[in-house]
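Trainee: I should like a close look at a single part of this structure, the aromatic cluster and the helices around it. Please set that part in the context of the whole chain.

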Amino acid sequence: MMHRRTPFVFLLTAALLACCCVPARGHEFKLDAIINAFVTMEPGEAHLVVRVPVYLFKSAKFPNNGTEIEIAQSGPALERALAAFQQDVVLFEDGRRLTASKASGRLSLPSDKSFDSYNDALRHVAEPVAADTQIYVDQGYVDAHLIYSLWSANPEMSIRTTAAPEFGDALKLTVRYKPLDGDGRTLVMTSRSGTVALNPTWWRAASGFVGLGMEHILTGFDHLLFLLCLIIPLRGWRQVLAIVTTFTVAHSFTLIGSGFHLAPGGAWFPPFVEMTIAASIVYMALENIMGIDFARRMLITGIFGLVHGFGFSYGLQENLQFAGTHLLVSLFAFNVGIEIGQLLVLAVMLPGLLVVRRYVLPGRVGMIILSALVALTGWQWMTERGSALLNAPWPRPTLAGLATLAFWIAGILFAAGGLRLIAKRLHFDAVPSAPLPQRGTAD
């Protein structure tokens with residue numbers, strides 16, 4: 001039986017190695033193009049004042065002499081550009097697509113600074129282009145002012161851009177939104193953002209962040225690998241429930257804290273968190289190989305869970321701009337989405353792990369092989385992220401930084417004490433570490 005099973009063991013090991021060795025994801029930096037826009041609400045009307053790089057309007061075919069745009073003959077091309085823009089950037093009132101009742105525009109020099117404020121931009125668009133203005137081909141801007149009639153007194157406004165989808169996330173639409181009442185806010189979106197609510201209701205904000213949380217955990221390979229490493233040696237639903245709950249509570253604590261800007265700042269912190277997440281995978285895998293004590297595993301899981309919460313927060317911070325005035329609701333909704341995604345992953349992992357341990361890699365040898373594969377991937381990530389951390393600028397100690405550090409140290413100590421108390425109250429026993437099979441004996 002052992003000889004017949006050997007080929008299957010090698011095949012499974014190779015497959016797991018190929019699946020686990022996912023290259024670490026890095027953040028790509030691109031030369032960005034920006035569309036600047038103001039959306040201002042007035043009684044019965046919405047005003048969109050926007051500045052778009054002229055090179056995005058290739059289909060408009062602005063007349064030129066080979067070097068400069070012919071300003072005097074650019075009227076028809078400008079009309080085509082305005083029509084194309086209204087197809088690519090769309091405003092919605094309560095989900096209903098709006099069509100501009102008035103549209104005007106002009107060409108502007110790349111050195112023009114009128115879009116620093118809404119009033120300056122509005123005044124600039126209304127002015128004619130000077131006759132002696134020289135704008136080189138594929139340089140400068142198309143500036144436009146579009147007016148939309150509204151049906152409701154206080155509608156939910158949304159915006160969507162599909163401009164130049166071939167640019168992907170390199171083309172950003174920056175929207176400065178000013179409602180009738182209250183403070184304005186700024187959003188940055190791309191053609192991949194879909195339809196974004198400028199003043200979302202609490203329900204729309206919550207539903208959007210639940211989906212965002214699910215997407216974040218289901219595409220976070222390092223978090224998923226850590227979760228797999230946690231449950232590889234566990235036996236019984238009681239142990240799995242205790243470990244997963246510990247991880248959930250811990251990462252929720254730092255995730256929500258980061259949402260309120262309580263996380264340490266600086267360029268060094270994100271690579272430090274990413275390297276520590278990789279190190280947590282390596283540590284847990286090695287502990288699986290050496291043998292675990294369940295009470296200690298709960299404590300370590302809680303500590304590493306705090307670090308993973310900071311990792312989850314990166315996907316949250318860049319999207320909190322879409323929460324509107326519902327920050328707290330969005331924070332909890334994002335966390336709920338992570339937990340739903342985590343449960344979906346466990347629903348697949350647990351039966352699959354049971355089949356592998358029972359029929360393919362039974363006994364402690366199977367657990368060692370699986371954990372070694374996980375450790376190999378975690379080590380690769382750790383070394384890559386460690387190099388990025390060494391190249392990051394380290395901060396100088398400040399009073400505010402020391403206060404933030406003291407806050408999180410106190411939180412970690414408090415959480416550790418609570419976990420030890422829970423472990424004692426629930427009487428968790430140590431998980432025995434089965435001895436390795438002796439040579440010449442069966443599993």
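**The aromatic cluster and its surroundings**

Mentor: Buried residues account for 45% of the 443 residues in the chain. The model is a predicted one, with a chain average pLDDT of 81 and 83% of the residues scoring at least 70. Two stretches call for caution. Over residues 1-32 the pLDDT stays under 50, and the model has 36 contacts beyond four places in sequence for them. Over residues 429-443 the pLDDT is likewise below 50, and the model gives this stretch 17 contacts beyond near neighbours in sequence.

As for the overall fold, the secondary structure comprises 11 helices and 10 strands. When contacts between residues at least 6 apart in sequence are considered, 79% of them join residues at least 24 apart. The chain exposes about 23,200 Å², of which carbon and sulfur atoms supply 64%.

The part you ask about can be approached through the aromatic pairs, of which the structure holds 10. F226 and F247 form a tilted pair, because their ring centres are 5.3 Å apart and their planes stand at 45°, an angle that falls between the limits of 30 degrees for stacked and 60 for edge-to-face. F226 belongs to helix α5 and F247 to helix α6, so this pair ties together parts that are 21 residues apart in sequence. Both F226 and F247 are buried.

F226 also pairs with F304, this time edge-to-face, with 6.3 Å from centre to centre and 85° between the planes. Since F304 lies in helix α8 and F226 in helix α5, the pair ties together parts that are 78 residues apart in sequence. The relative accessible area of F226 is 0%, and F226 is therefore buried. F304 has 15% relative accessibility and so counts as buried too, the limit being under 20%. F226, F247, Y283 and F304 together form one aromatic cluster.

The helix that carries F226 deserves a look of its own. Helix α5 is mostly covered, with 10 of its 11 residues buried. Among the buried residues of α5 are D222, H223 and C229, as well as F226 itself and the leucines L224, L225, L227, L228 and L230.

One of these leucines, L227, leads to helix α9. Q342, found in helix α9 (residues 327-360), is in contact with L227, and also with I217, V244, F247, T248 and H251, when its neighbours within four places in sequence are left aside. Q342 thus touches F247, a member of the aromatic cluster. The side chain of Q342 makes a polar contact of 3.0 Å with the side chain of T248. With a relative accessible area of 2%, Q342 is buried.

The nonpolar core gives the wider setting. The largest such core has 49 residues, and F209, L230 and V374 touch the most other members. Two or more residues come to this core from each of α4 (202-218), α5 (221-231), α6 (237-259), α7 (269-290), α8 (294-317), α9 and α10 (363-390). Helix α9 gives the most, with 9 residues. F209, leaving aside its neighbours within four places in sequence, is in contact with L316, N319, L320, F322, A323, S330, A333 and F334. A second core, separate from this one, has 44 residues and includes A33, I71, I135 and M189.

Elsewhere in the chain, strand β7 (residues 157-161) contains S158. S158 is at 2% relative accessibility and so counts as buried. Its side chain is joined to that of R204 by a polar contact of 3.3 Å. Not counting residues up to four places away in sequence, S158 touches R204 along with V90, L91, F92, T195, V196, A197 and L198.

A residue in the loop between α6 and α7 offers a contrast in accessibility. H261 is found in that loop, and with a relative accessible area of 65% H261 is exposed. The C-alpha atoms of H261 and Q317 are separated by 9.1 Å, although these residues are 56 apart along the chain.

To return to your request, F226 in helix α5 pairs with F247 of helix α6 and with F304 of helix α8, and the cluster is completed by Y283.

Key:
Residues are numbered from 1 along each chain as its sequence is written. This is a predicted model: local features need pLDDT of at least 70, side-chain atom pairs count only at pLDDT 80 or more; totals for chains, interfaces and linings use all residues. Side-chain values use heavy atoms; hydrogens and water are left out. pLDDT is the predictor's confidence in each residue, from 0 to 100. Contact means heavy atoms within 4.5 Å. Helices (H or I, at least four residues) and strands (E, at least two) are DSSP runs, numbered from the N terminus. Buried means under 20% relative accessible area, exposed over 50%, partly exposed in between (1.4 Å probe, protein chains only). A polar contact is a pair of N or O atoms within 3.5 Å; within protein, one must be able to donate a hydrogen and the other to accept it, and residues adjacent in sequence count only if both atoms are side-chain atoms. Accessible areas come from the Shrake-Rupley method with a 1.4 Å probe; for residues, only the protein chains shown count as cover. A nonpolar core is a set of buried Ala, Val, Leu, Ile, Met, Phe, Trp, Tyr and Cys residues joined through side-chain atoms within 4.5 Å. Rings of Phe, Tyr and Trp (its six-membered ring) pair if their centres lie within 6.5 Å; planes under 30 degrees apart count as stacked, over 60 as edge-to-face and the rest as tilted.
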